[in-house]
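User: I am new to this structure and would like to know what stands behind the terms used for it. Please set each value against its definition.

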Protein chains: 2
Amino acid sequence: MNDEIRIIPVPGIPEVRPGDDLNALMIAALEQRGLALEDGDVLVVAQKIVSKAEGYLVQLSEVEPSQFARDYAERTGKDARHVETVLREAKRIVRMERGVLIVETKHGFVCANAGVDTSNVEGAETIALLPPDPDASARRIRDGLERRYGVRLAVIISDTFGRAWREGHTNIAIGLAGMLPMQDYVGQDDVFGYTMRVTTICIADELAGAAELVQGKVKQVPLAVLRGVEYVPGEGTLEMLVRPIERDLFR
Amino acid sequence: MNDEIRIIPVPGIPEVRPGDDLNALMIAALEQRGLALEDGDVLVVAQKIVSKAEGYLVQLSEVEPSQFARDYAERTGKDARHVETVLREAKRIVRMERGVLIVETKHGFVCANAGVDTSNVEGAETIALLPPDPDASARRIRDGLERRYGVRLAVIISDTFGRAWREGHTNIAIGLAGMLPMQDYVGQDDVFGYTMRVTTICIADELAGAAELVQGKVKQVPLAVLRGVEYVPGEGTLEMLVRPIERDLFR
């Protein structure tokens with residue numbers, strides 16, 4: 001039925017290396033699946049392949065840890081070069097206790113280890129950083145695939161973050177193009193005619209999480225297409241996702 | 001294709017009143033849509049209709065606010081009877097500043113106003129509480145619909161919560177039955193053979209958010225069916241969703 005949403009995994013993207021043409025790899029995978037993109041499709045792309053294609057990888061052997069990083073690593077049993085890399089990605093340390101290092105990244109995201117991690121990166125001595133401008137990454141993908149398919153698309157770059165108060169991680173949006181991240185119910189009347197005051201739904205995060213349900217971690221499906229989504233086209237940015245510090249009670 | 005997930009809205013549930021047979025209403029709506037539940041389907045049910053059917057509604061005219069509630073309401077321009085109701089639902093106040101009242105509910109959820117709200121409740125003087133045992137609510141739905149359709153199902157009760165650090169709200173799980181809420185990648189090898197240490201995905205929250213994409217707020221679609229989801233059947237509980245206070249850096 002046409003009010004459904006379909007979450008479609010797109011396997012077949014090979015191991016991505018710095019300098020690879022990510023759009024070409026995604027188009028080949030879409031063709032391999034026999035999936036032609038349609039007007040309004042939302043593509044959710046895992047951050048890891050974006051970082052790899054753009055070359056935001058760090059060789060631990062080339063990292064000279066500071067005294068602060070060495071001291072902290074020694075106390076917590078971590079790799080000082082990894083700690084140093086996290087610190088370099090951080091704008092501010094939010095929590096540094098019980099062996100957990102939660103920072104605010106230069107984008108404004110609050111997350112463990114500044115989003116720096118080693119899983120699914122080739123070579124144990126190589127770690128991947130978040131792309132410095134995930135909105136620009138999303139726009140490049142959006143532009144390339146819109147040109148190829150002649151349709152209007154939205155793109156979300158997703159990553160796996162922990163949350164306050166709740167167990168487990170979920171995938172959320174770290175950058176986007178072609179859509180506004182929020183679905184705004186503020187000021188709309190509900191079915192009883194009362195004006196709802198403060199329900200703004202971050203559908204970008206819900207879409208990223210929905211995509212994770214088919215992407216998994218060990219299945220290596222970094223791309224999913226969501227079809228049938230109602231969203232407002234427009235130039236959304238990651239600044240719309242991040243709560244300004246002066247309105248944040250938990251930073 | 002059969003590796004897709006479908007998010008199917010189920011409209012046609014009328015206004016729910018205390019004492020209504022929620023399972024019968026949902027079965028009628030499913031039949032009206034011509035949708036027979038299948039083995040493994042996940043039903044996401046909005047908290048509001050559960051609270052209404054179970055009678056967890058409060059008439060503001062019957063609430064006698066405490067001195068504390070009256071003082072706070074006066075300072076912040078709120079309804080003292082509403083504040084009083086929030087306080088009665090709270091185990092602990094987490095933040096009480098800038099006109100925002102964030103509490104830990106008796107379930108352990110950290111959210112604004114203890115999940116108490118007035119939207120989509122008939123009568124401006126009536127407010128809805130969270131159900132006191134959302135897992136039991138989910139089990140009753142699961143049991144009734146499994147009996148009716150002769151298949152194994154999972155049920156999630158969802159509600160709309162804000163988050164630390166990020167703008168906007170998302171729908172997350174407040175109770176469940178028939179599935180474990182977490183998909184555990186801890187200790188599994190990724191494609192390069194490294195052991196991943198700490199990726200536990202809360203698919204219950206991702207499913208609740210995915211369902212919101214078709215449920216909306218003003219469309220009054222309190223039920224969605226997610227078909228094609230990979231999950232671990234079992235008796236999940238809301239305790240598995242809530243981070244214990246001794247492991248929480250943000251409470």
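User: What makes strand S8 (residues 154-162) of chain B mostly covered?
Analyst: In strand S8 of chain B, 7 of the 9 residues are buried. A residue is buried if 20 or more other C-beta atoms lie within 10 Å of its own, exposed if 12 or fewer, and partly exposed in between, with C-beta atoms placed from the backbone. The strand itself is a DSSP run: strands are runs of E of at least two residues, helices are runs of H or I of at least four, and both are numbered from the N terminus. This is a predicted model, in which local features need pLDDT of at least 70 and side-chain atom pairs count only at pLDDT 80 or more, while totals for chains, interfaces and linings use all residues. Residues are numbered from 1 along each chain as its sequence is written, and chains are lettered from A and ligands numbered from 1 in the order in which they are written.

User: Why is Thr200(B) called partly exposed?
Analyst: Thr200(B) has 17 C-beta neighbours inside 10 Å, so it falls between the cut-offs for exposed and buried and counts as partly exposed. Thr200(B) belongs to strand S11 (residues 200-202) of chain B. Its C-alpha atom is separated by 20 Å from that of Ile5(B), 195 residues away along the chain.

User: How do you know that S8(B) pairs with strand S2 (residues 42-46) of chain B?
Analyst: Two strands pair if DSSP finds at least two bridges between them. S2(B) and S8(B) have 5 bridges and run parallel, so they pair. Within this pairing, Leu43(B) stands opposite Val155(B).

User: What joins S8(B) to strand S9 (residues 169-177) of chain B?
Analyst: These two strands run antiparallel and are joined by 8 bridges. One bridge partner couple is Gly162(B) and His169(B). The hairpin of S8(B) and S9(B) has 6 residues between the strands, and there Trp165(B) takes a positive phi near 75 degrees.

User: Which strands of the open sheet S4-S5-S6 in chain B stand at the edges, and why?
Analyst: The sheet has 3 strands, paired antiparallel in the order S4-S5-S6. S4 (90-97) and S6 (110-112) of chain B each have a single partner strand, so one side of each is left without a neighbour in the sheet. From one strand to the next the twist averages 30 degrees; axes are lines fitted to C-alpha atoms, for helices over the stretch in contact, and angles run from 0 to 180 degrees between N-to-C directions. S4(B) and strand S5 (residues 100-105) of chain B are antiparallel over 6 bridges, with Leu101(B) as the bridge partner of Met96(B).

User: What makes S5 (residues 100-105) and S6 of chain A a pair?
Analyst: S5(A) and S6(A) share 3 bridges in the antiparallel sense, so the requirement for pairing is met. Val103(A) of this chain stands opposite Cys111(A) in S6(A).

User: How do you know where the domains of chain A lie?
Analyst: Domain bounds come from an automatic or database domain assignment. For chain A it gives domain 1 (6-50 + 131-244) and domain 2 (58-127). Their centres, taken over C-alpha atoms, are separated by 26 Å. The contact takes 8 residues from each of the two domains, where two residues are in contact if their C-beta atoms, placed from the backbone, lie within 7 Å.
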